[in-house]
There are 2 protein chains.
Amino acid sequence: MSMTKTVAQSGQTDPDEGPKLPAHEIVYQQLRAQILFGELAPGQAVTIQGLTESLGAGMTPVREAIRRLISDGALMFQGNRRVSVPVLSSADIDELGFVRKTIESELARRASLRMNAVQIARLEAIDIALDRAISAGDVAGYLVQNYSFHSELYACANAPIMADLADRLWLRFGPSLRVVCGRFGTQSFPDRHKDIIEAMRRGEPEKVAQAMEKDVAQGMEQVTQGLGGAN
Amino acid sequence: MSMTKTVAQSGQTDPDEGPKLPAHEIVYQQLRAQILFGELAPGQAVTIQGLTESLGAGMTPVREAIRRLISDGALMFQGNRRVSVPVLSSADIDELGFVRKTIESELARRASLRMNAVQIARLEAIDIALDRAISAGDVAGYLVQNYSFHSELYACANAPIMADLADRLWLRFGPSLRVVCGRFGTQSFPDRHKDIIEAMRRGEPEKVAQAMEKDVAQGMEQVTQGLGGAN
DNA sequence: GCGCCCAGAATATGATCAAATTTCACCTTG
DNA sequence: CAAGGTGAAATTTGATCATATTCTGGGCGC
C-alpha cells in the first residue's frame, strides 16, 4: 500500500538542515563551496558530464547550477560552449578590491550598529578558530573560518542586497586566494579581525569600517603579490 | 566531395547579429529586456510554462534563463517553487542607492579618463534621443535611452566587473522605475547628463564622478518618492 | 471547520540532436 | 625519404526536447 512513498518522505526528523531541498539547489551549494574554498583551480575546465558523475546528480540540475554560478561570476562562459574557473588579471583584482572595500566596510559599519554582545561573541569564537587554523597551517580551515567571519558579520547588517553582492565577490577570488595560500602558507597576517571586534565592543562604527577596509586591502594585496607577474 | 560540410560553414554573411546563439541565451536576453524596461510589474508571478508559450521556447532554456535572472536579483524565488518579480522596500532602495552611487561614479570617473571625442559624441547623441523621448512623453523610450546612456558610458571604463555589477543593479529597480514613470510621467528631471558630458569634454574626472553621483541620487530619490508609503 | 482528493505546475531523468575539438591518415613539399 | 600541414572522421561534450515523478494549492465533501 504505502511501500513506494516511504522513501521520499524521509521519515527521520531533520530539524538541522533543510528538510527538502531541490536537487539543483544542492548541486549549486556544493559547487559553490568547491569554488569558494579553492577546490577548483583558476583556469580549470568544468564540464557538465564531469559534474553529473562527481556529484551524482542529473544533467538538468547541474546545468542550472552552472548557469547561476556563471551569473555570480564564479564561473566563466568561454564563448564556445566551454565553462571554466576564471583567471584573475591584476586589473580584475584592482576592481574587486575597490568594490569590496566600499561594500564590505559599509556592511561592517551597519552591522556594528546592530550587533549585540552574543553576536559579537560568536564572531570572536570564529576568529579564535581562525587563529587555530593559521597556527596549524590548515589552509582549508583558514579559508573556511575567514569566510565565516565575514559572512556572519554581514548577516547582521540587515542589508541583504549588499550582503549578497559581497558573497558573490568572494566567489570570484576564492580560487586565487587558495592558490596564494597554498603557495605561501597562512602566516604573516597581522590580524585586523581583532581590531574589528575591539571597535565593535567599544561602539565605534567608523573604526569598524576603517578596520574592515584595511582587512580587505590586506587580503587583496596578498592575492596581488601572490599571483605577481603571472598576469 | 564537400557537399556535407558546406551547410555548417554558414555561407551567408551575418554581420548584423550573432550568427549562432544558444536558445537559453536568447531567452535570457529577452526576459532581461522585459524586466529592465518594466514590461513585467513588481510582484508579478512568472511561470515556466507561461514563458515557453509567450517566447516560443522549450522548457529547459526557459528554466536556465530564470535561474540566471534569479541570481542577478532580477527575479525572486519565493521559497515554495513560485518565481516572481521582486517588490522593492524602501530599505532595498536605500541599499541600491548606496551601491549605485559608489560603483557608477567610479565607473564614470574611469570612463572619463579614457573616452575620446567620438565616444563622447555618441553619448551626447543618446542624450539628445533621451530628451526627445522625455518631450514626447515616451516612457518606454525614456527608459531605453536612459539605460543606453549609462551602459555606453560604463562600457568605456575598462572595468568589466564593475560594469557587470552596475548592469545587475539596474535589473533590480527597472520594474519599479517603470511604475514610477508610468504614474508621474517623465517630466521634472533636471538633467545631470549634460553636466556629465560637459565635465568629460573639459577633462575633469572628479566633476564627472560627482555629477554621476547626483544623477544616481536623483533617480533613486525619484523611485523612493514615487513608491512612497506603499512599502 | 477540518481533512482528503484532484488538478496543475515544477522538478528531474534519459534520450536524441548538433557542434566542436581532437586525432589520424594522406598528400604535399623540402 | 621524411616532415609538416590539411582535411575529414570519430569522439567527446553541450543543447534541446519529451516524458515521468513529485509537490503545492485549492476545491469538495464530511
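**The surface near DNA strand C, and two small sheets**

Around DNA strand C there are 16 residues, the closest of them being A:P22, A:A23, A:G58, A:T60 and B:T47, where near means that the C-beta atom, placed from the backbone, lies within 6 Å of the molecule or strand. I should say at once that this is a predicted model, in which local features need pLDDT of at least 70 and side-chain atom pairs count only at pLDDT 80 or more, while totals for chains, interfaces and linings use all residues. Residues are numbered from 1 along each chain as its sequence is written, and chains are lettered from A and ligands numbered from 1 in the order in which they are written.

At least two residues of this surface come from each of α2 (23–36) and α4 (59–72) of chain A and α2 (48–54) and α3 (59–72) of chain B, with helices (H or I, at least four residues) and strands (E, at least two) taken as DSSP runs numbered from the N terminus. The largest share, three residues, belongs to α4(A).

Turning to the sheets, in chain B three strands form an open antiparallel sheet in the order β1-β3-β2, where pairing requires that DSSP finds at least two bridges between two strands. Because β1 (45–46) and β2 (76–77) of chain B stand at the edges with a single partner strand each, one side of each is left without a neighbour in the sheet. Two bridges join β2(B) to β3 (residues 83–84) of chain B, and B:M76 has B:S84 as its bridge partner.

In chain A, three strands likewise form an open antiparallel sheet in the order β1-β3-β2, its edge strands being β1 (45–46) and β2 (76–77). There, A:F77 stands opposite A:V83 in β3(A).
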